[in-house]
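Reader: I am in my first year and would like a close look at a single part of this model, explained slowly. Could you take me through it step by step?

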Amino acid sequence: MNQWLDISQRLNENTPYWPGDTQYSYRLNSSMAEGSSVNVGEIRMSTHLGTHIDAPYHFDENGKKIIELDLDLYIGTATVVKVDAAESIGIKAFEGIELTGVRRLLVATGQWKDLSRFPEWIPPVEPDLAPFLANKGVRLLGLDLPSVDCLDSKELPAHNKLSGCGIHILEGLVLDGLEPGLYDLAALPLALEAGDGSPVRAVVKKKG
Ligand SMILES: N[C@@H](CC(=O)c1ccccc1NC=O)C(=O)O
Ligand SMILES: [Zn+2]
Ligand SMILES: [Zn+2]
C-alpha cells in the first residue's frame, strides 16, 4: 500500500523567507508551563513563505483571492516530472515528456539546493510555457522553487501569463527523491477570505 508523502517545507523560525518579508514565528500566548489551563499559540508569517499557493490577487489588484479559488485545483491526480532547468524553465525542458491531459503538474528542478537558505538565484518560468501547458490541459503548476519569476522581477511576467492562461501556482514544494510519475495530490489552502497567498500542507501518494 502506498503511503502519503509530505512534500511540504517544515515551518519553524529557520524556514527561509523572502528577503525583507515576514519570517515564521510561533509563541505561546497562554502557557501551561506558566500556570495556564491550556497551551494556546499564535503564529505569524508571510503568506508566501514555505510551501504555499498564490492567489491571482498577489499580482493582480482585481484578481481572485484565496477563498474564491476552486478547491478541485488542489486535490486530485498530479503528474510529477523532473526537468533540466539550469537557466530557465521553458517548453524545451519538457521535450520527450507527454503532458496531454495532465491537469496538475509538479515540476522538480532541483535548483533550490539548500532549503535552509533563501536562494540567491532561481531559474524563471518562461512566459511562453504558459499557453503550451494550458493547451495540454494543465490548471495547476507546482514547483520546488520560491517563485515562478526571477527573484528581482517587478513585472512578474510568468505569474501573470500563467494566470492569464488559467494556470494556478503552487510554490516551495520539496520534491527531492520523488520519482516521476502519477500521484494523488492534496495541497489545500486555508480558508483565508482576504488571502493573496496561503500556506498549504502538500502531500502526495503514488498511484497504482
Ligand atoms: N512572487 C513571490 C513573492 C514575492 O514576489 C514577494 C514576497 C514577499 C515580499 C516581496 C515579494 N516580492 C517583491 O518584489 C511568490 O509568489 O511567492
Ligand atoms: Zn507566492
Ligand atoms: Zn508566486
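How are the donor residues of the zinc ion (ligand 2) spaced in sequence?

Author: Residues are numbered from 1 along each chain as its sequence is written, while chains are lettered from A and ligands numbered from 1 in the order in which they are written. This is a predicted model, in which local features need pLDDT of at least 70, side-chain atom pairs count only at pLDDT 80 or more, and totals for chains, interfaces and linings use all residues; side-chain values use heavy atoms, with hydrogens and water left out.

The donor residues of the zinc ion (ligand 2) follow the spacing H-x3-H-x1-D-x116-E. They are His 48 (ND1), His 52 (NE2), Asp 54 (OD) and Glu 171 (OE), at 2.0 to 2.4 Å from the ion. Donors here are N, O and S atoms within 2.8 Å of the metal (3.2 Å for Na, K and Ca), and sites may look incomplete because water is not among the atoms. The angles among the six donor atoms run from 56 to 178°, and the site is irregular, the word for anything that is neither tetrahedral (four donors, all angles between 85 and 135 degrees) nor square planar (four) or octahedral (six), both of which need opposite donors over 155 degrees apart and all others between 65 and 115.

The zinc ion (ligand 3) lies 3.3 Å from the zinc ion (ligand 2), and Asp 54 coordinates both. Asp 54 belongs to strand β4 (residues 52–54) and His 159 to helix α2 (residues 157–164), so this pair ties together parts that are 105 residues apart in sequence; helices (H or I, at least four residues) and strands (E, at least two) are DSSP runs, numbered from the N terminus. The protein donors of the zinc ion (ligand 3) are Asp 54 (OD), His 159 (NE2) and two entries for Glu 171 (OE), at 1.9 to 2.6 Å. Asp 54 and His 159 are both buried, as is His 48, where buried means under 20% relative accessible area, exposed over 50%, and partly exposed in between (1.4 Å probe, protein chains only).

Ligand 1 has several of these residues around it, including His 48, His 52, Asp 54, His 159 and Glu 171, a residue being counted if one of its heavy atoms lies within 4 Å. A polar side-chain atom of His 48 is 3.2 Å from an oxygen atom of ligand 1, and one of Glu 171 is 2.9 Å from an oxygen atom of ligand 1.

Terms used: Polar contact = N/O pair within 3.5 Å; in protein donor to acceptor, adjacent residues only side chain to side chain.
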